[in-house]
Amino acid sequence: MSQSRSRAVHIDKNGGPEEMKVVEVTVGEPGPGEIRIRHHAVGLNFIDVYQRTGLYPFPMPLQLGMEGAGVVEAVGAGVTHLKAGDRAAYASNPPGAYCDVRVMPAKCVCKLPDSISFETGAAMMLKGLTAQYLLRKTLPVEGLQRGDFVLFHAAAGGVGQIASQWARELGLQLIGTAGSDAKCALAKANGAAHVINYNTEDFLARVKEITGGQGVKVVYDSVGKDTWDKSLDCLRPFGLMASFGNSSGAPAPFAPGMLGPKGSIYVTRQTLFTHIATRESTQAMADELFAVVASGKVKINIDQRYKLEDVQQAHRDLEARKTTGSTILTL
């Protein structure tokens, strides 16, 4: 049995960025349904913060990280879609991507096309698959047609930049919000049809103005508490409030009866890991993502790179809203 030594980022208890420590671990052979992968780059995402702080609880100690790209070193019994030497990328549970080498379930790991670099692969899997399931699968009851308005919060972030470009390709009128004029300009440059600085403008009033008083068919919201109430009022009748994150905290509980007077609207809480629960669904989603990136219609903007040893600073910058686009840890 071969073993590898690997650096890995662990926490022993929930808390701030200072709880993350780089330790050395031993990595063994993959078991049935598993692979061993040597990372070339690792993605950084807000879900990592949720897991570090305990908003999403996990047993301790915990090795963080949900997304990476590298080369498959070994495969376990029953794994047929990958082999040693394959370039690969993934977004996957359980956490553990913040490392050089890991053993992990194979079902959510996909072959990475030669036309896509390891850094791009690490930066795009979780965010790109999220944008895919939002725009392609999380749809209002009346569907989305070319020319329809949708509202996307945090449009200058990693998911937002991908979604803005993809929405433009789909012919949607994406209204993007961000917290500064510079971030609004970034969202606009990445395909948002309209942008709103929610720190200087009332985004509800602006959405009503942009849509001629009609509202939008969908709100895609990863912000949560700070945007929730007004977002509901941005929806047209039968519109869909699609929550997929809580970067400002969780929204307050609400009574379902309030949805009727607001236009018989729908509310859903989405998570990527429901959508990638099977090998088949993961591959189908990844194929669509790979195709739109390889075509150049969606570009993955890596705006920050940190060494693995600088992971504490990476988390501080992410939580302080100092990052835009995608962020990776280099190895």
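**Exercise 1.** In this predicted model, decide whether Ser264 counts as buried, partly exposed or exposed, and then describe its backbone and its place in the chain.

*Solution.* The relative accessibility of Ser264 is 39%, and the residue therefore counts as partly exposed, since that class lies between the limits of 20% for buried and 50% for exposed. Turning to the backbone, phi of Ser264 is near 50°, which is a positive value in a residue other than glycine. Finally, Ser264 is placed in the loop between β13 (235-243) and β14.

**Exercise 2.** Carry out the corresponding analysis for Ala154, asking what its phi value is and where it is found.

*Solution.* Phi of Ala154 is near 55°, a positive value in a residue that is not glycine. Ala154 belongs to the loop that runs between β9 (149-152) and α3 (158-170). With a relative accessible area of 31%, Ala154 is partly exposed.

**Exercise 3.** Determine which residues Gln270 touches, not counting those up to four places away in sequence, and whether Gln270 is buried or exposed.

*Solution.* Begin with location: Gln270 lies in the loop between β14 (266-269) and α7 (272-275). Its relative accessibility is 15%, so Gln270 counts as buried, the limit for that class being under 20%. With residues up to four places away in sequence left out, Gln270 touches Tyr133, Thr138, Ser243, Phe244 and His275. In addition, the side chains of Gln270 and Thr268 are joined by a polar contact of 2.7 Å.

**Exercise 4.** Characterise the interface of domain 1 and domain 2, stating what area is buried between them and which side chains meet in a salt bridge.

*Solution.* First, the domain assignment gives domain 1 as 4-127 + 273-330 and domain 2 as 139-269, and 18 residues from domain 1 and 18 residues from domain 2 take part in the contact. Second, the area buried between the domains is about 1500 Å², with carbon and sulfur atoms giving 55% of it. Lys127, Lys297 and Arg321 supply 30% of the area that domain 1 buries against domain 2, more than any other three residues. Third, the count of salt bridges between the two domains is one, and the side chains of Glu169 and Lys297 meet in a salt bridge at 3.4 Å, N to O. Across the interface there are also 11 residue pairs in polar contact, both residues being at pLDDT 80 or more. On the side of domain 1 that touches domain 2, α1 (46-53) and α8 (279-294) each supply at least two residues, and the largest share, three residues, comes from α8.

Terms used. Residues are numbered from 1 along each chain as its sequence is written. This is a predicted model: local features need pLDDT of at least 70, side-chain atom pairs count only at pLDDT 80 or more; totals for chains, interfaces and linings use all residues. Side-chain values use heavy atoms; hydrogens and water are left out. Helices (H or I, at least four residues) and strands (E, at least two) are DSSP runs, numbered from the N terminus. Buried means under 20% relative accessible area, exposed over 50%, partly exposed in between (1.4 Å probe, protein chains only). A polar contact is a pair of N or O atoms within 3.5 Å; within protein, one must be able to donate a hydrogen and the other to accept it, and residues adjacent in sequence count only if both atoms are side-chain atoms. Contact means heavy atoms within 4.5 Å. Domain bounds come from an automatic or database domain assignment. Buried area is the accessible area (1.4 Å probe) that two parts lose on being put together, summed over both. A salt bridge is a side-chain nitrogen of Lys or Arg within 4 Å of a carboxyl oxygen of Asp or Glu.
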